[in-house]
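Subject: Structure handover, with notes on cavities and salt bridges

Dear colleague,

Please find the structure below, handed over for your files. My notes on it follow.

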Amino acid sequence: MIDVPVCIVGCGPIGLAGALLLSKFGIDSLLVEKRGEVNTHPRSRFVDTNTMELMRLLGLEKAVEETGLGPDWTEYNRWFSALTEEQIAAIPSPTFHTVPRSTSPAMPVMTCQDYVENVLLGAARASGRIELRYRTEAIDVTQDEDGATVVVRDLLSGEQSAVRADYVLGTDGPHSFVREAIGSALEAVPLPMFLQDVIFEADLSGYVEGRKGGLLYNATPRGMLVFQPLNGVTRWRCQIATEQLLPDDETVDRIREAVGTDEDVPIGIASTGLWQPTPGCVDALGRGRVFLAGDAAHVAVPTGGMGNNIGFAGIRNLAWKMAYVLKGHSPPEILDTYQVEHRPCALARIATGVDTTQRMAKIFFAFYAGQDTSEAVGETRQYADYDGVLLGFEMASGLIAESPGPPPAVDNPTIDFVPAVRAGRRAPHVWVDARQRRSVLDWFGMEYVLVGGASVATDRWRGAVDRVAEGTGFPVCWEQLPVPEAAPYDPDGLALVRPDGIVADCWRDADVTDGEAEQRLRNRLPLR
């Protein structure tokens, strides 16, 4: 019998990120994975702002950035009749664009799933708290009041063994065994389309110069084909609209047609597969001591690059709570808030992807009908311009105070984002040093942090934090913004921020008396 605090089934990016987060809290984990290697048919490319902030927390931000395409690839998404022929539209993609931004210390990155997975895997192998077992399959999951048991089988030897864990985390993809084992249902509806996914090698540099883009759609005579650069040189992914898997020779022919050339461009097919986008979310993100994350918990359409990023958001929400329970800081009930907080956010992002797909399809409908495409192009603006959904989400649960008023008004809640210090929101980024290298977000990750504005009664609040920390052993600390000009933080305000960067509560200094300060803090901390 193997004993470990957390057993993670599935060693993709989300499982690896979960193990790395737990390791930061001093929690050991065992990861088991049926595959024998990193995924060789990557489906995800976009690493969004929130995920890059997570990579920053893990110390992997620069390593992931180095795998990405440059800003010349991420400024636009483009639509053509063929890659070398008529350009139908070039739509700016600010959410994708790899350039510094005022809303975060981290830039989004357009890269490739296997590159990111390798970065995470390298960090996991360097950790002394993570054990990795490839070619190992979970064949049974049971649980009781004290823990869970996972029976695993070595796929090379056939040998079976039992793993006893306090908690089990299923990150084993859209066909999750763990999800089936706990009876959680994936509530998903297929879209009326089929796509052949192709990873291939070809030098297309002569055909894309001057018209680069994160996504290069082509309305060919035989239907839609979208090119996706993976390394910006010779490695590509494409998706072909087809209801049946095409043989390699016909696949190559369709690629050449979408390039718009009669030249004998060498094209090497690395891998291919047919699939139907089936967006949805499970009814239960966890039951008892077993939880789901990533594609085991929810599946997005490819449009907008939501899928893996929803998974990263979920694992960051869950990991600190699991660690706090295991370390005795908080009661097990806080794990129930994973479902309450994360599921609505996941559903909102999934819905945004579906909506964007439907809007984008109108460009093709209009083009094939010989109609003006300008109205459809205008409706597709949100394709890679959705910071409102990405950064403006607002959670609610028993761990989060109720906000006294409505959020900032915006014209388009999908696109428009106004940073605000509000309970349930991601804490806004501001720089806290003159060289703009350290963000307020860098204070978060391990502890609850009480952030005070420059004008608050420092001694009173620092003292309250120290007394709570010393009296309870709960991980909470004090930080103060160095200058009054730190909007949207109020110079006279305080914000209690969780390890995942979510504001748990906020108030004005003058609204709390000296005698109430410590209790105000205790009321919002998930003390055991």
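A salt bridge here is a side-chain nitrogen of Lys or Arg within 4 Å of a carboxyl oxygen of Asp or Glu. The structure, which is a predicted model, holds 37 of them. Three are described below, followed by the cavities and one buried residue.

Salt bridges

The side chains of D28 and R129 form a salt bridge with an N to O distance of 2.8 Å. D28 sits in the loop between α1 (13–24) and β2 (29–33), and R129 in the loop between α5 and β7 (130–134), so this pair ties together parts that lie 101 residues apart in sequence. D28 counts as partly exposed, at 30% relative accessibility. R129 is also partly exposed, with a relative accessible area of 36%.

E137 pairs with R153, and the closest N and O atoms of this salt bridge are 2.9 Å apart. This one runs between two strands: E137 belongs to β8 (residues 136–144) and R153 to β9 (residues 147–154), with the two positions 16 residues apart in the numbering. R153 has a relative accessible area of 29%, so it is classed as partly exposed.

The third salt bridge joins D253 and R222, whose closest N and O atoms are 2.8 Å apart. D253 is in helix α8 (residues 248–259), while R222 is in the loop between β13 (216–220) and β14 (223–229); the two are 31 residues apart. Both ends are partly exposed: the relative accessible area is 38% for D253 and 36% for R222. This pair is part of a network, in which salt bridges with shared partners join R222, D253, R254 and E257.

Cavities

The count is two cavities of 30 Å³ or more.

The largest cavity has a volume of about 50 Å³. Its lining is made up of L21, F25, L57, R316, A319, W320, G445, P499 and D500. Helix α9 (residues 307–326) gives the largest share of that lining, with three residues. By class, the lining of the largest cavity has six nonpolar residues, one polar and two charged.

The second largest cavity has a volume of about 40 Å³. The residues that line it are S44, R45, F46, V47, Q113, V116, N308 and F312. Two or more of these lining residues come from each of β3 (46–47), α5 (113–126) and α9. The lining of the second largest cavity divides into four nonpolar, three polar and one charged.

Helix α9 therefore deserves a look in both places: it gives three residues to the lining of the largest cavity, and it is among the elements that give two or more to the lining of the second largest.

A buried threonine

Is T95 buried or exposed? The cut-off for buried is under 20% relative accessible area, and T95 has 0%, so it is buried. T95 is located in the loop between β5 (87–92) and β6 (109–110). Apart from its neighbours within four places in sequence, T95 is in contact with F46, R101, P108, A384, D385, Y386, D387 and L390. One of these, F46, also appears in the lining of the second largest cavity.

Regards

Technical notes. Residues are numbered from 1 along each chain as its sequence is written. This is a predicted model: local features need pLDDT of at least 70, side-chain atom pairs count only at pLDDT 80 or more; totals for chains, interfaces and linings use all residues. Side-chain values use heavy atoms; hydrogens and water are left out. On a 1 Å grid over the protein atoms alone, a cavity is a set of points where a 1.4 Å probe fits but cannot get out, and a pocket is an open set with protein on both sides within 12 Å along at least five of seven lines; lining residues have an atom within 4 Å of a point. Grid points are joined across faces, edges and corners, and a volume is the space filled by probe spheres set on the points. Helices (H or I, at least four residues) and strands (E, at least two) are DSSP runs, numbered from the N terminus. Ala, Val, Leu, Ile, Met, Phe, Trp, Tyr, Cys and Pro count as nonpolar, Asp, Glu, Lys and Arg as charged, and the others, Gly among them, as polar. Buried means under 20% relative accessible area, exposed over 50%, partly exposed in between (1.4 Å probe, protein chains only). Contact means heavy atoms within 4.5 Å.
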